[in-house]
Amino acid sequence: MTASGETAGRIRVLLVDDQPLVRAGLRVLITDAPDIEVVGEAGTGTDAVRLARDVRPDVVLMDLRMPGMDGIRATREIIAQGGPSRVLVLTTFDDDDHVHAALRAGASGFLVKDMALDDILGAVRVVAAGDALLAPGVTRRLVAEFARRAAPAARPRALDGVTEREREVLTLVGRGLSNGEIAVELVISVATAKTHVGRLLTKLDARDRVHLVIAAYDAGLVTPAG
């Protein structure tokens, strides 16, 4: 377990994986990025929770499968601390059935471990900016995978206080559309689309667009079948 001091203006990342070689590989990838730095490493969920509290990273790259406290519980505890950290889950879609649970625990997105360097760094930047799951270039496939895995809620979630136009916007967010694409679809300006998304975040008490996607599924506005 390691930690380092803060460098102003850079995205501060905590690496969490029980495999030292994986952490080393990620650290090497991040080292050359001028706007991102590694401020800590943890090999267990317990250490991740402690480090997140102590060093307050902007982004936690979280493995899900670890002995003891797994990544889902660690994510839940980090988010419960109420700090600035956003969790970006490290996973492989071919064998990992826990992505949906991690998102519900508070994760702001997920990336695949064998993604290209630029995509990994891009995902970190997008998560740090609060717009994780729906990052251009990374997400359409991830949204489709989330949709395929998502279990429908037993009872659709009520959307109290949400207007009909906001329901339309929420549906399109759930389908993975960006603000620009929503604007085209609804024949409104990008600024208006952004305003609607912002109001939905407030009304639904959603941490970011990732959780608007979850809300769209829970409300029955979007289904895995499309």
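This passage walks through the salt bridges and the largest pocket of a predicted model.

Start with the charged pairs. The structure holds 8 salt bridges, and three of them are worth a look one by one. In one, the side chains of arginine 27 and glutamate 41 come together, with an N to O distance of 2.3 Å. Arginine 27 belongs to helix H1 (residues 20-31) and glutamate 41 to strand S3 (residues 36-42), so the pair, 14 residues apart, links distant parts of the chain. The two partners do not sit in the same kind of surroundings: arginine 27 counts as partly exposed, at 33% relative accessibility, whereas glutamate 41, with a relative accessible area of 11%, is buried because that value falls under 20%. This pair also has company, as Arg23, Arg27 and Glu41 are linked in a network of salt bridges.

Next comes the bridge between arginine 125 and aspartate 35, at 2.7 Å from N to O. Here 90 residues separate the partners: arginine 125 is in helix H5 (residues 117-128), while aspartate 35 lies in the loop between H1 and S3. Arginine 125 is partly exposed, at 32% relative accessibility. Aspartate 35 is partly exposed too, with a relative accessible area of 24%.

In the third pair, lysine 203 teams up with glutamate 166, and their closest N and O atoms are 2.8 Å apart. This bridge ties one helix to another: lysine 203 is in helix H9 (residues 190-203) and glutamate 166 is in helix H7 (residues 164-174), 37 residues apart. Lysine 203 has a relative accessible area of 38% and is partly exposed, but glutamate 166 is buried, with just 3%.

Now for the pocket. The largest one has a volume of about 150 Å³. Its lining includes Leu103, Arg104 and Gly106, along with Arg157. Further along the chain, Leu204, Asp205, Ala206 and Arg207 line the pocket as well, as do His211, Ile214, Ala215 and Asp218. Two elements give two or more residues to this lining, namely helix H4 (99-105) and helix H10 (209-218). The largest share comes from H10, which supplies 4 residues. Sorted by class, the lining of the largest pocket is made up of 5 nonpolar, 5 charged and 2 polar residues.

Notes. Residues numbered from 1 in each chain as written. Predicted model: local features only at pLDDT ≥ 70, side-chain atom pairs only at ≥ 80, totals over all residues. Heavy atoms only, no water. Salt bridge = Lys/Arg side-chain N within 4 Å of Asp/Glu carboxyl O. Buried < 20%, exposed > 50% of the residue type's maximum accessible area, 1.4 Å probe, protein only. 1 Å grid on protein atoms, 1.4 Å probe; cavity = no way out; pocket = protein on both sides within 12 Å on 5 of 7 lines; lining within 4 Å. Points joined across faces, edges and corners; volume = space filled by probe spheres on them. Nonpolar A, V, L, I, M, F, W, Y, C, P; charged D, E, K, R; others polar.
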